[in-house]
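Trainee: Please take me closely through the packing of one helix pair in this model, and then through the surroundings that help me place it. I would like the criteria stated wherever a term depends on them.

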Amino acid sequence: MFTALGRYKVIPLLKIKDIDSNDALKVCEALIKGGLPVMAIAFRRHSDSKAIRAIAGEFPDFFIGAASILNSDQLLRATDCKAKFATAPGVNIETIATANKKKIAFAPGAATPTDIQNILMNGCVDFQFFPAETSGGAEHLKSILEPFEHLPIDVFPKGGIVLEKIGEYMKIPQVCAVTLDCILNNEYIINRQWDKITEAAKTAVGKAFQG
């Protein structure tokens, strides 16, 4: 699954509270038009569960994921809603075990070599570099990856990344895709400006492939 996400290099993140399922479907349509059939939804409320389930039913080929997973129960709910991938802000061994059992693509959060070691030792080879920019950005990521450069790791930087920074991360061989919240600006959704989401997606993809 994460290899598939690497084809697009960008994962839009939806963080708006209480997303309406119909609006979530409109967001998907706008992203597809922009060349990004992928999105992660911050998985915090019942409305997020409903949105993921609606997207999985309406757009079976869309790569819908659940972000900000904090524990195994949340991950189980996300898989029940048919999320295709999931990410977490940190390392929780039980959640990694659940992801392995459910065979869902899962990227725990890491910001240090110790985090990466814990992830690898518990049967996961992918991780989310979070919070990316406040942890030191692309240069810090390169330094913490150095001891693990011989391993087949896919990394997903997330947190404070603006369009101008995409290229810095994409130059790192292990980086599969960057997660951005600027594509799905809350105002675009509140005002139902779907065309602006499409344009933002196109711009982000252009920046990613320039890098």
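Mentor: Helix α4 passes helix α5 in a right-handed crossing, that is, with the near helix turned clockwise from the far one by less than a right angle, whereas an anticlockwise turn would be left-handed. The model is predicted, so local features need pLDDT of at least 70 and side-chain atom pairs count only at pLDDT 80 or more, while totals for chains, interfaces and linings use all residues. Residues are numbered from 1 along each chain as its sequence is written, and side-chain values use heavy atoms, with hydrogens and water left out. Helices (H or I, at least four residues) and strands (E, at least two) are DSSP runs numbered from the N terminus.

Helix α4 covers residues 72–80 and α5 residues 93–102, and the two pack at an angle of about 25 degrees with axes 8 Å apart. The axes are lines fitted to C-alpha atoms over the stretch in contact, with angles from 0 to 180 degrees between N-to-C directions. The pair is therefore roughly parallel (under 35 degrees; over 145 is roughly antiparallel, 65 to 115 roughly perpendicular, and the rest oblique). On the α4 side, the contact (heavy atoms within 4.5 Å) involves Ser72, Leu75, Leu76 and Thr79; α5 contributes Glu94, Thr95, Thr98, Ala99 and Lys102. These residues divide into three nonpolar, four polar and two charged. Here Ala, Val, Leu, Ile, Met, Phe, Trp, Tyr, Cys and Pro count as nonpolar, Asp, Glu, Lys and Arg as charged, and the others, Gly among them, as polar.

Two loops that adjoin these helices each hold a non-glycine residue with positive phi. Ser68, in the loop between β3 (63–67) and α4, has phi near 65 degrees. Its relative accessibility is 13%, so Ser68 counts as buried (under 20% relative accessible area; exposed is over 50% and partly exposed in between, with a 1.4 Å probe and protein chains only). Lys103 lies in the loop between α5 and β5 (105–107), and its phi is about 60 degrees. With a relative accessibility of 76%, Lys103 counts as exposed.

A second helix pair offers a reference. Helix α2 (residues 21–33) and α10 have axes that come within 8 Å and cross at roughly 40 degrees; the two are therefore oblique, and their crossing is right-handed. Asp23, Lys26, Val27, Ala30, Leu31 and Lys33 of α2 meet Trp194, Ile197, Thr198, Ala201 and Lys202 of α10. By class, that contact has six nonpolar, one polar and four charged residues.

Helix α10 (residues 194–210) also gives the most to the largest nonpolar core, with seven residues. Such a core is a set of buried Ala, Val, Leu, Ile, Met, Phe, Trp, Tyr and Cys residues joined through side-chain atoms within 4.5 Å. This core has 80 residues, of which Met39, Phe127, Leu141 and Ile183 touch the most other members. Leaving aside residues up to four places away in sequence, Phe127 touches several residues, including Ala107, Pro108, Ile119, Leu141 and Phe156.

Finally, Phe130 and Pro131 are joined by a cis peptide bond with omega of about -10 degrees, and Pro131 sits in the loop between β7 (126–129) and α7 (137–145). In α7 one finds Lys142, which is partly exposed at 41%.
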